[in-house]
Amino acid sequence: MAIGLAEVDESLLRRAHAVHPISAVQSEYSLCTRDPETVVAGAMRDLGVGLVPYSPLGRGFLTGTVDMSALEAGDARTRFPRVAGDANQAIADAVRKVAAAKGVTAAQVALAWAYSREAQLGVPVVPIPGTRDVARLEENVAALQVDLTAEDLAVLDPLADQVVGSRY
């Protein structure tokens, strides 16, 4: 039996793992939200626990296909300060610039970055992007073929330091 936990810190992960082996931690993780790196990654590495990032596309913000400042009042994304409005537009623009240079989509770059973190974190990383149609699913799967260079990562890795606003 495999058990996963969501949004835990190192202390809770270690306590839970002492009761029953934990297989995965699900946490928000993207170019805009890197909390697992400092909150739980050490324990995950020690215990052999994988990371299942949700919102690896920043709730659509990192895809460059959504005008976040034009979201309707009922759209759930308007409740998330990091993606509502245009305060972080430079981040999405940087992702789009890397994507354009590679001939791929911004969503594929954001997902390729998440996959690339496996080596950095020292744990398996399996992102779960939301998708509403087959074309987006195919686009997401194609991200596995995107090879980010050291130069690409030098542009992408510091983006989280530029984020304005809290997660919630």
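These exercises, each with a worked solution, concern the predicted model shown above.

Local features are reported at pLDDT of at least 70 and side-chain atom pairs only at pLDDT 80 or more, while totals for chains, interfaces and linings use all residues. Residues are numbered from 1 along each chain as its sequence is written, and side-chain values use heavy atoms, without hydrogens and water.

**Exercise 1. Overall layout**

State how many helices and strands the protein chain has, and in what order they run.

Solution. Helices (H or I, at least four residues) and strands (E, at least two) are DSSP runs, numbered from the N terminus. The protein chain has seven helices and three strands. Read from the N terminus, the order is β-α-β-α-α-β-α-α-α-α. Next comes burial: buried means under 20% relative accessible area, exposed over 50%, and partly exposed in between (1.4 Å probe, protein chains only). Of the 168 residues, 42% are buried.

**Exercise 2. The nonpolar core**

Find which helices supply the largest nonpolar core, and which of them gives the most.

Solution. A nonpolar core is a set of buried Ala, Val, Leu, Ile, Met, Phe, Trp, Tyr and Cys residues joined through side-chain atoms within 4.5 Å. The largest such core has 40 residues, and those with the most contacts inside it are Leu 13, Met 44, Leu 62, Val 95 and Leu 156. At least two core residues come from each of H1 (10–19), H3 (41–47), H4 (89–102) and H5 (106–121). H5 gives the most, with nine residues. Take Leu 156 as a worked case: leaving out residues up to four places away in sequence, Leu 156 touches Leu 31, Val 95, Val 98, Val 109, Trp 113 and Leu 148, where contact means heavy atoms within 4.5 Å. In soluble globular proteins, nonpolar side chains tend to be buried together.

**Exercise 3. Helix H5 and its partner H4**

Check the length of H5 against its expected span, then classify its crossing with H4.

Solution. The expected span of a helix is 1.5 Å times one less than its number of residues. For the 16 residues of H5 this gives 22 Å, and the end C-alpha atoms are 23 Å apart, which agrees. Buried residues of H5 include Val 109, Trp 113, Arg 117 and Leu 121. Among the elements covering the buried residues of H5 are S3, H4 and H6 (134–142).

For the crossing, axes are lines fitted to C-alpha atoms, for helices over the stretch in contact, and angles run from 0 to 180 degrees between N-to-C directions. The axes of H4 and H5 come within 8 Å and cross at roughly 100°. Angles of 65 to 115 degrees count as roughly perpendicular, under 35 as roughly parallel, over 145 as roughly antiparallel and the rest as oblique. H4 and H5 are therefore roughly perpendicular to each other. The contact involves Val 95, Arg 96, Val 98 and Ala 99 of H4 with Ala 106, Val 109 and Ala 110 of H5.

**Exercise 4. Two residues with positive phi**

Decide whether Glu 7 and Arg 59 are buried or partly exposed.

Solution. Most residues other than glycine have a negative phi. Glu 7 is not a glycine, yet its phi is positive, about 50°. Glu 7 sits in the loop between S1 (4–6) and H1 and is partly exposed, with a relative accessible area of 36%. Arg 59, also not a glycine, has a positive phi of about 55°. Arg 59 lies in the loop between S3 and H4 and, at 17% relative accessibility, counts as buried.
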